[in-house]
Every structure is written in structure tokens, then in C-alpha cells.
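Here is a short report for a reader new to this structure. Please look over the sequence and the model before reading on.

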Amino acid sequence: MSSSGAFSPRFLSAPEYVLALHEPSDCVAVLVRNRSREQTMQRISPAEVIASPPFQAWLKDQNEAGADIFIGMNPMKDGIPNRTKENVREIRHVYLDLDEDAGASLHAVRTSGDAPSPNFVLDTSPGKHQVIWRVEGLDQEQAKSLLRSLANQFGGDLAATDLSRVLRLPGFTNRKYNEQFVVRVHHETDQVYHLGDFRVQEDSPDAPRHLADAHEPARRMPSGHRSQSEADWAYAKRALARGDDVEEIIRRITDYRREDKADPDYYARLTVSKAQRALSTPEYESATNPTSTPMAERDH
């Protein structure tokens, strides 16, 4: 991890937050959603434009008219019209959206030692938070796996793990609930993190979805974290080695990759088939003889 020097934690205004997240010239998505009018508007503009008084005044007007205000976590490619993962230029942040038991989850983030200190913590409504880390050197596969791993371990919203995600912009009222709540953000560190700074449970179909479900010792994510397909294959081998039903393994992988694959069932069956072939090799047979440690035990 790296740091830019002396730092004093503090609460930020909306313009300060925009320029703390992004470089002035970065193209950034802003989403304005008015649920009562069933109206959504998106703007992709340089961060310095979004932080400017005219743009902020426009956002304030929209917010007062009942709209919620969101900002993208990762900069987009120049000149693109849509906010999609293919149009993400660079992985700049990973994040958690903490809803249920958010206080306990935030405490676990701060104290578990499995994640570094957050750069930003947003209070988005009473007892709910969004947590953001500044990162560099991650490709899209690594970032996507890390986002899911963080959500798995700390009880975050698994729907909030897409690379083009927008989160709430502080200084504006949360209009989702009847009780008005002005979102605020605390800037806690200016560290920039790398993949090896996160020691969270490996992303896989059998990873626990809530903190209370984590009965087994955590499997650690190495600094050169493998791709999600490699993780699926490794999971299939573990599940087969411990005697899980083949169709159940296929179902788990299918469900887990449903949003990522055009034919998730075919992908899952191919992954399990490859894992079965790997486990039938002489190397595996010798590893599971009575004088060796069984693979299933080595995985825990």
C-alpha cells in the first residue's frame, strides 16, 4: 500500500468528495433517480465539472424535487454514452454496501484484520453504510472477485458488486425512505491499496453469505489472486474431494455464475467435468494414499 503523506481524517462536502475519488479530468457517471416520477437521468462528465458550482446546483434542485443522487466509483472511458463494465477505464475503487446489521459489519471491517482501513465511510441512512477503498493494479476479473469476496465476508449487498457501480453522493438527502436523511462521508485515510492488502475469504459458490455463517477457517486470497474461472474449478475439486453430490456442485456453480455466463449450466458442467478429470490423475491418486494428507483436509 502507499500513502501520499500527512493526512487528517474529516467529513467532506460533495465537491470535495468527487475530487477525492477521481482526478479532475476523469469521466465519471452521475445518476439522478426520482422514484416518485419513475424518472432516471445519467450524466457522464469530467469530475471537475461534476464538482463545479453549476453542476452541484443542478443536483441540489433535482434532490429537492425528490431525486436520489449517485456517483460512479470507477472512471469511464472517454466519449462513451453508457455506464457498463466494458466501458470502465480503470479499477479505482472497491466497495461494500452494508444494509442488514450494518453496524456489526462495519465493526468487523475495522477490526477483523482481513481488510485494510477504509478510505471512505458513508452514512447513507440511519444505521446503514457504504464503505470504499482506493485501489490500484487490479484488472476487472480480480476486482470483481474481490468485490464479491468482501460482500460475502462482511454481509454486504451482493447486488452492489458490479464494476460500474454508483453509490450515494454525500451532502444530498436520501429520498428512498420517508424519514429524510442527509448522506455524509468521512474520509479516513488516503492510502492506496493493492490486492495483497485484502485477506478475505476466497470468492466461491460455497462462501458464507453472512458473518455468522463463517464456521470454517477463512481461505486466504493470495496477492496474485486467480481468475474467477480458476476459483470455480478449484471449488469444484474441493467439493468433489469431500464427496458432495455432482449435480449439487453443478447447481451451486450455475446459480453463482448465472449473471456472468450466457449458458451457466453448460459452464458449470464443463467446470465439474474438468475437475473430475483432474482428480483422477496419478498425481492426485498419490496425494490421497494412506501416507499422505487427504486433499479435503488440506483445504481447511
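The text below covers the nonpolar cores, one helix, the salt bridges and two loop residues.

**Nonpolar cores**

This is a predicted model. In soluble globular proteins, nonpolar side chains tend to be buried together. The largest nonpolar core here holds 55 residues. Tyr 17, Trp 133 and Leu 150 have the most contacts inside this core. Helix α5, residues 140–154, gives the core its largest share, six residues.

What does Tyr 17 touch, leaving out residues up to four places away in sequence? Its contacts include Leu 12, Ile 71, Met 73, Phe 120, Leu 122 and Ile 132. Arg 168, Leu 169, Pro 170 and Val 185 are also among them.

Another core lies apart from the largest one. This other core has twelve residues, including Leu 240, Ala 268, Val 272 and Leu 279.

**Helix α8**

Helix α8 runs over residues 264–279. Its 16 residues, at 1.5 Å a residue, should span 22 Å. The C-alpha atoms at its ends are 22 Å apart, so the expected span and the model agree.

Which residues of α8 are buried? They are Pro 264, Tyr 267, Ala 268, Thr 271, Val 272, Ala 275, Ala 278 and Leu 279. Seen down the helix axis, these buried residues fall within an arc of 125°, so they line one face of α8. Three residues of that buried set, Ala 268, Val 272 and Leu 279, are listed in the twelve-residue core.

**Salt bridges**

Side chains of opposite charge can pair when their charged atoms come close. The count for this model is 16 salt bridges. The table gives three of them, with the N to O distance and the relative accessible area of each partner.

| Acidic residue | Basic residue | N to O distance |
|---|---|---|
| Glu 16 (34%) | Arg 10 (42%) | 3.4 Å |
| Asp 162 (28%) | Arg 165 (23%) | 3.3 Å |
| Glu 248 (26%) | Arg 252 (21%) | 3.4 Å |

Are Glu 16 and Arg 10 buried or exposed? Glu 16 is partly exposed, because its relative accessibility is 34% and partly exposed residues lie between 20% and 50%. Arg 10, at 42%, is partly exposed too. Asp 162 is partly exposed, and so is its partner Arg 165.

Glu 248 and Arg 252 both sit in helix α7, residues 246–256. They are four residues apart, which means about one helical turn separates them. Glu 248 is partly exposed. Arg 252 is partly exposed as well.

Some salt bridges join into a network. Asp 26, Arg 89, Glu 90 and Arg 92 are linked in this way.

**Two loop residues with positive phi**

Most residues other than glycine have a negative phi. Where do the positive values discussed here occur? Glu 38 is in the loop between β2 (27–34) and β3 (39–46). Its phi is positive, about 55°, although Glu 38 is not a glycine. Glu 38 is exposed, with a relative accessible area of 75%.

Asp 101 is in the loop between β5 (93–98) and α4 (102–111). The phi of Asp 101 is near 50°, a positive value in a residue other than glycine. Asp 101 counts as exposed, at 63% relative accessibility.

Note on methods:
Residues are numbered from 1 along each chain as its sequence is written. This is a predicted model: local features need pLDDT of at least 70, side-chain atom pairs count only at pLDDT 80 or more; totals for chains, interfaces and linings use all residues. Side-chain values use heavy atoms; hydrogens and water are left out. The expected span of a helix is 1.5 Å times one less than its number of residues. Buried means under 20% relative accessible area, exposed over 50%, partly exposed in between (1.4 Å probe, protein chains only). The arc is that of the directions from the helix axis to the C-beta atoms. A salt bridge is a side-chain nitrogen of Lys or Arg within 4 Å of a carboxyl oxygen of Asp or Glu. A nonpolar core is a set of buried Ala, Val, Leu, Ile, Met, Phe, Trp, Tyr and Cys residues joined through side-chain atoms within 4.5 Å. Contact means heavy atoms within 4.5 Å.
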